[in-house]
Amino acid sequence: MTLDATRRFIKLCSVSDVPINTTKVFEVGNRRFLICNLNETFYAIDDRCTHDDGPLGEGELLADGEIECPRHGARFDIKTGKALCLPAVGEVNAYSVDVRDDTVYVGLPL
Ligand code: FES
């Protein structure tokens, strides 16, 4: 693991909580993180579409690393948070993820 002095890592879940090629939402305080397990690599983005606050965790995780919003079909890159098609134009927050001892940690900016 590489320590990142610009982030505070919080424990979010166990690896087994998010089976391969699925997603799951976890709430920490007032944040909702969407954890995506794409081919055994974990990614974390906000669970809120930038178009109209749609719940991305209820959307479909696509094989190419995109997630589709269930409301109006915007797609986001789960690695970068970038909006890939209308109607969303703004990116969602994407977070650093670290997996240690079967536990998934998410890095929040300090
Ligand atoms: S709320 Fe996500 S595309 Fe509209």
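For the classes used at the first stop, Ala, Val, Leu, Ile, Met, Phe, Trp, Tyr, Cys and Pro count as nonpolar, Asp, Glu, Lys and Arg as charged, and the others, Gly among them, as polar. Keep in mind on this tour that the model is predicted.

**Stop 1: the pocket**

Start by selecting N30, R31, R32, D46, D47, R48, D53, G54, P55 and Y95, which line the largest pocket. Its volume is about 200 Å³. How many residues of the lining are charged? Colour your selection by class and you should find 6 charged residues, alongside 2 polar and 2 nonpolar ones. Leave Y95, one of the lining residues, on display, as we will come back to it.

**Stop 2: the nonpolar cores**

In soluble globular proteins, nonpolar side chains tend to be buried together. To see this model's example, select I45, C49, L56, F76 and I78: these have the most contacts inside the largest nonpolar core, a set of 16 residues. Now show strands β3 (31-38) and β4 (41-46), each of which supplies at least two residues of that core. Which strand gives the most to this core? The answer is β3, with 3 residues.

Next, centre the view on I45 and display its surroundings. Leaving aside residues up to four places away in sequence, I45 touches R32, F33, L34, L56, I67, I78, G81, V92, N93, A94 and Y95. Another core lies apart from the largest one; this core has 13 residues, and I10, A44, Y95 and V104 are among them.

**Stop 3: an aromatic pair**

Keep Y95 in view and add F33. A pair of aromatic rings is described by the distance of the centres and the angle of the planes. The model has 1 aromatic pair. It is formed by F33 and Y95 in an edge-to-face arrangement, with the centres 5.1 Å apart and 75° between the planes. Trace the backbone from one ring to the other and you will see distant parts of the chain being linked: F33 sits in strand β3 and Y95 in strand β8 (residues 94-100), 62 residues apart. Are these two residues buried or exposed? Both F33 and Y95 are buried.

**Stop 4: I20 in its loop**

Move on to the loop between β1 (7-14) and β2 (22-28), where you will find I20. I20 counts as partly exposed because its relative accessibility is 44%, and the partly exposed class lies between the 20% and 50% limits. Beyond residues up to four places away in sequence, the contacts of I20 are N37, N39 and E40. For a sense of scale, draw a distance from I20 to R48: their C-alpha atoms are 22 Å apart in space, and the two residues are 28 apart in sequence.

**Stop 5: backbone details**

Most residues other than glycine have a negative phi, and most peptide bonds are trans. With that in mind, select L86 and P87, which are joined by a cis peptide bond with omega of about 10°. P87 belongs to the loop between β7 (75-77) and β8.

For the last selection, go to the loop between β8 and β9 (103-109), where D101 is found. D101 is not a glycine, yet has a positive phi of about 50°. D102 lies in the loop between β8 and β9 too, and this non-glycine residue has a positive phi of about 65°. Why do they count as exposed? D101 does so because its relative accessibility is 77%, and D102 because its relative accessible area is 57%, with exposed meaning over 50%.

Terms used
Residues are numbered from 1 along each chain as its sequence is written. This is a predicted model: local features need pLDDT of at least 70, side-chain atom pairs count only at pLDDT 80 or more; totals for chains, interfaces and linings use all residues. Side-chain values use heavy atoms; hydrogens and water are left out. A nonpolar core is a set of buried Ala, Val, Leu, Ile, Met, Phe, Trp, Tyr and Cys residues joined through side-chain atoms within 4.5 Å. Buried means under 20% relative accessible area, exposed over 50%, partly exposed in between (1.4 Å probe, protein chains only). Helices (H or I, at least four residues) and strands (E, at least two) are DSSP runs, numbered from the N terminus. Contact means heavy atoms within 4.5 Å. On a 1 Å grid over the protein atoms alone, a cavity is a set of points where a 1.4 Å probe fits but cannot get out, and a pocket is an open set with protein on both sides within 12 Å along at least five of seven lines; lining residues have an atom within 4 Å of a point. Grid points are joined across faces, edges and corners, and a volume is the space filled by probe spheres set on the points. Rings of Phe, Tyr and Trp (its six-membered ring) pair if their centres lie within 6.5 Å; planes under 30 degrees apart count as stacked, over 60 as edge-to-face and the rest as tilted.
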